[in-house]
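I opened this entry to look up strand pairing, ring contacts and charge pairs. My notes follow the order in which I looked.

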Amino acid sequence: MTKRFIPIIACLGLTGCFGYPRLVSYPFDPGGRSLNSLASEQNPQSSGRYIVFTSDRRGSQDVYLFDTLTQNLVDLPGLNALDTIASHPSVSQDGRYVVFAASRQGRSAIFLYDRETRQSRNLTNNLQAEVRNPTISADGTTIAFESSNNGQWDILVYDRSGQPVNVPQDPR
C-alpha cells in the first residue's frame with residue numbers, strides 16, 4: 001500500500017500572501033477520515049483555512065471539505081446524493097458556501113451548498129445548457145462558471161441567489 005498525499009500550495013495569511021507560498025502535506029488515512037485516503041482525490045481547491053475536493057471514497061464521487069486548522073473533514077449533511085456525480089468544487093474563504101458542478105441523469109448543473117442552512121440549491125435550473133468548472137468569490141457572493149449556452153463555452157457570472165450578474169462586455 002502506497003501513501004498518497006495531496007500537495008497543497010498554501011497561503012494562510014488573513015490579509016494576503018506574503019513571501020513565498022509553502023507546500024504542505026497532510027497525513028494519509030486508510031479509513032478515509034482525513035484529507036488523503038486510498039480513494040481517488042480530485043480537483044482540490046483552497047480558500048482561507050479550507051480545502052474542498054471530490055473523492056470516490058464512499059463509492060460515488062462526492063464533495064469533501066477539510067479544515068486545515070482542526071485537520072479534520074467537515075460534515076456536509078445534505079450535500080452529496082447517491083444519484084449525483086459531483087465535480088470541481090470551490091469554497092468561500094469562511095467555509096460557509098461550497099459551489100460545485102454536478103451531473104444527474106445526464107444533465108449538468110451548478111449547485112450552491114450553504115453549510116449554515118444545510119441546503120443545496122441548483123443555480124442553473126433555468127439554464128438550458130451544459131455547465132462546468134464553477135468557482136466562488138472569497139466572500140461567497142459571486143459564482144462564475146462555464147456554459148455552452150451559445151454553442152461555445154462562455155463564462156457566466158451569477159450572484160448567490162442564482163441571478164445573472166451584469167458584466168460589461170467591453171470594460172475599459
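The entries below go from a sheet to its side chains, and then to other parts of the chain.

**Entry 1. Status of the model**

I am working from a predicted model.

**Entry 2. The β11-β12-β13 sheet**

I asked in what order the strands of this open sheet lie. I found 3 strands in the order β11-β12-β13, with antiparallel pairing. The edges are formed by β11 (131–136) and β13 (154–159), each of which pairs on one side only. I noted an average turn of 25° between neighbouring strands of this sheet, direction ignored.

Next I looked at the pairing of β11 with β12. Strand β12 covers residues 142–147, and 4 bridges join it to β11 in the antiparallel sense. For the register I wrote down one position: T135 is opposite A144 in β12.

**Entry 3. Side chains on these strands**

I then took R132, which lies in strand β11. Which residue does R132 form a salt bridge with? The partner is E146, and the closest N and O atoms are 2.9 Å apart. E146 belongs to strand β12, and the two residues are 14 residues apart. R132 also lies over the face of W153, at 3.6 Å from the ring centre. I checked the accessibility of R132 and got 32%, so I list R132 as partly exposed.

**Entry 4. Aromatic pairs**

I asked how many aromatic pairs the count comes to. The count is 3 aromatic pairs, and I followed up two of them, starting with F53 and Y64. The ring centres of F53 and Y64 are 5.7 Å apart and the planes are at 15°. Planes under 30 degrees apart count as stacked, so I entered the pair F53 and Y64 as stacked. F53 is in strand β4 (residues 50–55) and Y64 is in strand β5 (residues 62–67), 11 residues apart.

Are these two rings buried or exposed? F53 is buried, at 0% relative accessible area. Y64 is also buried, at 3%.

The other pair I followed is F145 with Y158, with ring centres 5.1 Å apart and planes at 75°. The cut-off for edge-to-face is over 60 degrees, so F145 and Y158 go down as edge-to-face. This pair links strand β12, where F145 lies, to strand β13, where Y158 lies, and the two are 13 residues apart. F145 has 2% relative accessibility and counts as buried. For Y158 I noted 8%, which is buried.

I went back to Y64 to look for a charge. The charged end of R57 sits over the ring of Y64, 4.8 Å from its centre.

**Entry 5. The β7-β8 hairpin**

I moved to strand β7, residues 85–91. How many of its residues are buried? The strand is mostly covered, with 5 of its 7 residues buried. Strand β8 (residues 97–104) runs antiparallel to β7, and 5 bridges join them. I recorded S103 in β8 as the bridge partner of I85. The two strands form a hairpin with 5 residues between them. In the turn, G95 has a positive phi of about 80°.

**Entry 6. Salt bridges**

The count comes to 6 salt bridges. Beyond the R132 pair already noted, I looked up two others.

The salt bridge of D67 is with R49, and the closest N and O atoms are 2.4 Å apart. D67 is in strand β5, while R49 is in the loop between β3 (41–47) and β4, so the bridge ties together parts that are 18 residues apart in sequence. The accessibilities of these partners went into the notebook separately. D67 is buried at 4%, whereas R49 is partly exposed at 32%.

What distance separates the closest N and O atoms of E116 and R96? In this salt bridge it is 3.4 Å. E116 lies in the loop between β9 (107–114) and β10 (119–122), and R96 lies in the loop between β7 and β8, 20 residues apart. E116 is exposed, with a relative accessible area of 60%. R96 counts as partly exposed at 25%.

Last, I checked for shared partners. R96, D114 and E116 are joined into one network by salt bridges that share partners.

Key. Residues numbered from 1 in each chain as written. Predicted model: local features only at pLDDT ≥ 70, side-chain atom pairs only at ≥ 80, totals over all residues. Heavy atoms only, no water. Pairing = 2+ DSSP bridges. Helix = DSSP H or I, 4+ residues; strand = E, 2+ residues; numbered from the N terminus. Axes fitted to C-alpha atoms, helices over the stretch in contact; angles between N-to-C directions. Phe/Tyr/Trp six-rings, centres within 6.5 Å; stacked < 30°, edge-to-face > 60°. Buried < 20%, exposed > 50% of the residue type's maximum accessible area, 1.4 Å probe, protein only. Lys NZ or Arg CZ within 6 Å of the ring centre and 35° of its normal. Salt bridge = Lys/Arg side-chain N within 4 Å of Asp/Glu carboxyl O.
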